[in-house]
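Student: I am new to this structure and would like a close look at a single part. Please pick a place to begin and walk me through it slowly.

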Amino acid sequence: HLLLVASASNFVTTSGTKIIDENGDEIFFSGINLGNWLVWEGYLMMGDFNYRTHTQFFDELSDALGGAEKASDFEYEWRLNYVDEKAIADLNDLGFNSVRVPFNYKLFYSGGQIVDDGFEFFDRVIEWCRNYGMYVLLDMHGAPGYQNPGDHCDNVDSNANQPRDTVKFWDGDNVQLTSSIWRHIALRYHNEPVVWGYDLINEPVPQAGREFELLPSLVTIRNAIREVDNNHIIVAEGSWWGSDLTKIDWMDSQVQSQSGIAQQWDDKIVYQIHHYGQASGTFGREKITNKLNIPLFIGEYGETEDYNLQAITDWAKQTLEGYFPWSFKKMSHDRTLWTIPPNEAYNQVKVYINNGGLPPTHLYNEMINFAQIN
């Protein structure tokens, strides 16, 4: 077990309901999401609220620019530049001490094999965060088979009605594949103290009647990680878009009878909730984690009025162990720190995607330039 020789004191850990930094002091994560970086969201790329996944937008971009290779060039340049060292430095100046990094499993799985493609981007943001004394939370935003019916998990089988029967994460070997990918990631970062945790799957929404399959699947993923990494915190989200902690409450009798899990399933575990809506709708969710004696933070909130954003933030500061609003930067929307104005070429591509016509393949260079300066 040479992989596990690093002292646990070098890493962020937990003590009861508190998160503890590498010096043994309590730490509160004033974090923010790096949304729309490694996972495109249709509403941010197109400025509308139509159902559109990363893959669907990629395919539309391929059509517009004259082929998948050109769309891949744009995607790669976007990922190289949307988050840069200056962004991390600016976030640090604003008082943030952590970033949550949403990613799709396909960055680590291609052609039926586990690959290393995502590490290029992870390594860069980890190094920048090290330079500015910040921490990284890795978030599998899109998992094999789709863990929810939303476009942000790249569920190409779903639509605006978000039918739950399109969620196939808990079918076939998807949980096992997810476990293998997380093991691969953990093997690389097992001795990396800048990474504070592994957010196993974003906003799970099991099919109706299958909610109690969530906790056993999380334990399976955890077990794979612990084969190579005993240093990092395991982060788990509640059912129903990360809002329902009752389905992962191991003290609940129904959870115990349905899942067979009746005790704490890791010694470094943190639960996470998400909430979009009025602040009052999320108050009190900490009662479950207080009972379980584990930390809780809010991993996504926002898209709301300033007063409501402030109310959720104040509640998190008083009650939880961290907050991560959504998101640091957006295109076409202003409920964010920074809004990117699209250039004329990008606007023309949007018009083509929406209305058809002659593919604007001549805009390739201008689109690449936009990806490089966004």
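Tutor: Happy to! Let us begin with two aromatic residues: phenylalanine 29 and tyrosine 135 are both buried. Here buried means a relative accessible area under 20%, while exposed means over 50% and partly exposed is in between, using a 1.4 Å probe and protein chains only. Bear in mind that this is a predicted model, in which local features need pLDDT of at least 70, side-chain atom pairs count only at pLDDT 80 or more, and totals for chains, interfaces and linings use all residues. Residues are numbered from 1 along each chain as its sequence is written, and side-chain values use heavy atoms, with hydrogens and water left out.

Now to the rings. Searching the whole structure gives 31 aromatic pairs. Two rings of Phe, Tyr or Trp (its six-membered ring) pair if their centres lie within 6.5 Å; planes under 30 degrees apart are stacked, over 60 edge-to-face, and the rest tilted. Phenylalanine 29 and tyrosine 135 make an edge-to-face pair, because their planes stand at 75 degrees, with the ring centres 5.7 Å apart. This pair links distant parts of the chain: phenylalanine 29 belongs to strand β3 (residues 29-33) and tyrosine 135 to strand β7 (residues 135-142), with these positions 106 residues apart. Helices (H or I, at least four residues) and strands (E, at least two) are DSSP runs, numbered from the N terminus.

Another pair makes a good companion. Phenylalanine 103 and tryptophan 182 are also edge-to-face, at 5.7 Å centre to centre and 75 degrees between the planes. Here a strand meets a helix: phenylalanine 103 is in β4 (residues 98-104) and tryptophan 182 in α6 (residues 174-189), 79 residues apart. Phenylalanine 103 has a relative accessible area of 0%, so this residue is buried. Tryptophan 182 counts as buried too, because its relative accessibility is 0%. Elsewhere, ring pairs join Trp40, Phe57, Phe74, Trp78, Tyr82, Phe328, Trp338, Tyr346 and Phe370 into a cluster.

Next, look at how nonpolar residues gather. A nonpolar core is a set of buried Ala, Val, Leu, Ile, Met, Phe, Trp, Tyr and Cys residues joined through side-chain atoms within 4.5 Å. The largest such core holds 99 residues, and Leu138 and Tyr271 touch the most other members. Leaving out residues up to four places away in sequence, the contacts of Tyr271 include Leu215, Ala236, Trp250, Trp265, Thr289 and Pro295; contact means heavy atoms within 4.5 Å. Our starting residue Phe29 is not in that core but in a second, separate one of twelve residues, whose members include Ile19, Leu137 and Val270.

From there, let us visit tyrosine 43, which lies in helix α1. With a relative accessibility of 11%, tyrosine 43 counts as buried. Setting aside residues up to four places away in sequence, tyrosine 43 touches Asp48, Phe49, Glu303, Trp326, Lys330, Met331 and His333.

One of those contacts, Trp326, leads to an unusual bond. Most residues other than glycine have a negative phi, and most peptide bonds are trans. Yet tryptophan 326 and serine 327 are joined by a cis peptide bond, with omega about -5 degrees. Serine 327 is in the loop between β12 (322-323) and β13 (329-331).

In the loop between β13 and β14 (338-340) you will find serine 332. Its phi is near 80 degrees, a positive value in a residue other than glycine. Serine 332 is partly exposed, because its relative accessible area is 36%. A further positive phi, about 45 degrees, occurs at glutamate 203, again not a glycine. Glutamate 203 sits in the loop between β8 (195-199) and α7 (214-226), and its relative accessible area of 5% makes this residue buried.

Let us finish with serine 239, placed in helix α8. Serine 239 is buried, at 3% relative accessible area. Apart from neighbours within four places in sequence, serine 239 is in contact with Pro204, Pro206, Glu211, Leu214, Asp244 and Lys247.
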